[in-house]
Amino acid sequence: MENRPSPIRYGPDYTPKMVTAIAAATAAIARLDARIIVSPVAKAWSTRAAWSGYARALQLQSAEVEEIDVFSWGCDLKIPGRPPLPSHLDLFDRFAEWRAALQDDDRLRWRDRLPTAIGDPATATEHAPLVRALDTVRQLARIDHSIMAWLSLPFALRDRGLVASPLPCLAGGAKAFRLKPRPNDDDWLAVLRALESAATIALQRLHSLERHYRDAQRAIAAEYRPGALPALLALIQYRPLLSPQSAAELLCMSIAGASKLFERAATAGLLVEMALLQRLAAVRGRLSLCADQAAAAKWWLSMPMASVSAEGPMPKALSTRRTSPLMPGCRHQGRACPLRRARMTSNPLIVA
């Protein structure tokens with residue numbers, strides 16, 4: 001007992017609830033790190049995870065932005081019904097710098113840029129590595145009032161040996177780290193639980209992306225003449241939001257050709273049209289979605305129904321039949337997904 005870390009000078013009070021939260025968050029991070037190392041879609045996942053992590057950091061900066069807005073910016077595609085982002089400041093001015101740091105192989109570069117005022121007391125080695133990483137972010141947030149303080153958590157986790165490489169989805173912290181000289185136990189618990197949740201959701205999204213990758217490979221193998229389908233399916237790994245116009249430009253084809261390509265991918269269950277999701281939500285009142293479905297589809301559901309305009313009548317199949325959770329590559333028990341039989345609008349916005 002005499003060697004127990006003192007909560008007065010460093011870290012939280014190590015109550016049973018706190019120890020449980022630290023262990024759960026550490027285990028969730030370890031599971032994600034172990035999976036991403038061997039994943040075939042690690043690069044595409046990292047791109048999406050960077051948008052998620054940056055959105056969280058923006059929210060800690062009190063920016064009125066949601067993850068779907070960051071995805072919309074990253075995919076260079078405006079989503080109908082979403083409020084415009086502030087035009088008097090550049091919310092994404094540090095994104096390129098952060099992405100370059102994430103891809104930098106020099107593990108000491110980030111540490112060398114830390115202010116000299118940041119350091120660990122002699123008793124820090126008695127604390128859990130996760131607590132030490134979070135305290136580094138806390139010290140940095142007190143000195144640096146920019147978004148880079150919250151974006152530094154993936155690097156701090158790597159330096160403490162919790163992950164092999166920075167995981168961008170784990171960016172974050174708590175406003176109390178910046179506003180309070182010494183955060184209380186509730187603040188620490190909130191950060192630990194948010195970190196555990198972020199790691200768990202990121203792992204579920206990784207599984208979903210891998211499943212979509214396997215479904216895409218099977219769909220290509222089943223096609224007699226795949227044509228540009230492999231190029232589209234490779235593109236949607238990195239661009240979860242697409243329209244015929246953006247796909248036509250990126251794949252160097254006509255808009256009509258891109259629309260037909262979308263129909264083929266939707267028939268294979270690899271794409272979901274936003275308008276159909278909204279029309280189904282209007283009929284059922286809400287959508288019951290799995291946590292591991294494609295990122296943008298989940299966030300789209302938080303939009304007010306009145307802000308979305310849908311072309312054409314509601315397909316009868318969607319209004320009369322019970323459907324399973326809508327997600328890329330969804331499979332129904334003994335019957336085809338009704339979304340595959342629904343009519344695509346002339347200008348669909350696609351979620352992958």
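These exercises walk through a predicted model of a protein, each with a worked solution.

**Exercise 1. The whole chain**

Task: State how many helices and strands the protein has, and what share of its residues is buried.

Solution:
- Start with the secondary structure. The protein has 15 helices and three strands.
- Next, take the burial. Of the 352 residues in the protein, 50% are buried.
- Then look at the surface. About 16800 Å² is exposed, and carbon and sulfur atoms supply 54% of that area.
- Finish with the contacts. Take those between residues at least 6 apart in sequence: 72% of them join residues at least 24 apart.

**Exercise 2. Placing S152**

Task: Locate S152, decide whether S152 is buried or exposed, and find what S152 touches.

Solution:
- Find the element. S152 sits in the loop between helix 6 (129–143) and helix 7 (153–159).
- Check the accessibility. S152 has a relative accessibility of 5%. Buried means under 20%, so S152 counts as buried.
- Look for a polar partner. A polar atom of the S152 side chain lies 2.6 Å from the backbone oxygen of M148.
- List the contacts, leaving out residues up to four places away in sequence. S152 touches W110, V137 and L140.

**Exercise 3. Another loop residue, H127**

Task: Say where H127 lies, whether H127 is buried or exposed, and which side chain H127 joins in a polar contact.

Solution:
- Locate the residue. H127 is in the loop between helix 5 (109–112) and helix 6.
- Apply the cut-off. The relative accessible area of H127 is 5%. That is under 20%, so H127 is buried.
- Identify the partner. The side chains of H127 and Y14 form a polar contact of 2.6 Å.

**Exercise 4. G227 in sequence and in space**

Task: Classify G227 as buried or exposed, then give its separation from L261 in sequence and in space.

Solution:
- Place the residue. G227 belongs to the loop between helix 9 (185–222) and helix 10 (229–238).
- Classify the residue. Exposed means over 50%. G227 has 62% relative accessibility, so G227 counts as exposed.
- Compare the two separations. G227 and L261 are 34 residues apart in sequence. In space, their C-alpha atoms are 9.0 Å apart.

**Exercise 5. Cysteines**

Task: Count the disulfides, then classify C75 and C252 as buried or exposed.

Solution:
- Apply the distance rule. A disulfide needs two cysteine sulfur atoms within 2.5 Å. The count is zero disulfides.
- Take C75. Its relative accessible area is 1%, so C75 is buried.
- Take C252. Its relative accessible area is 71%, so C252 is exposed.

Definitions and conventions: Residues are numbered from 1 along each chain as its sequence is written. This is a predicted model: local features need pLDDT of at least 70, side-chain atom pairs count only at pLDDT 80 or more; totals for chains, interfaces and linings use all residues. Side-chain values use heavy atoms; hydrogens and water are left out. Helices (H or I, at least four residues) and strands (E, at least two) are DSSP runs, numbered from the N terminus. Buried means under 20% relative accessible area, exposed over 50%, partly exposed in between (1.4 Å probe, protein chains only). A polar contact is a pair of N or O atoms within 3.5 Å; within protein, one must be able to donate a hydrogen and the other to accept it, and residues adjacent in sequence count only if both atoms are side-chain atoms. Contact means heavy atoms within 4.5 Å. Accessible areas come from the Shrake-Rupley method with a 1.4 Å probe; for residues, only the protein chains shown count as cover.
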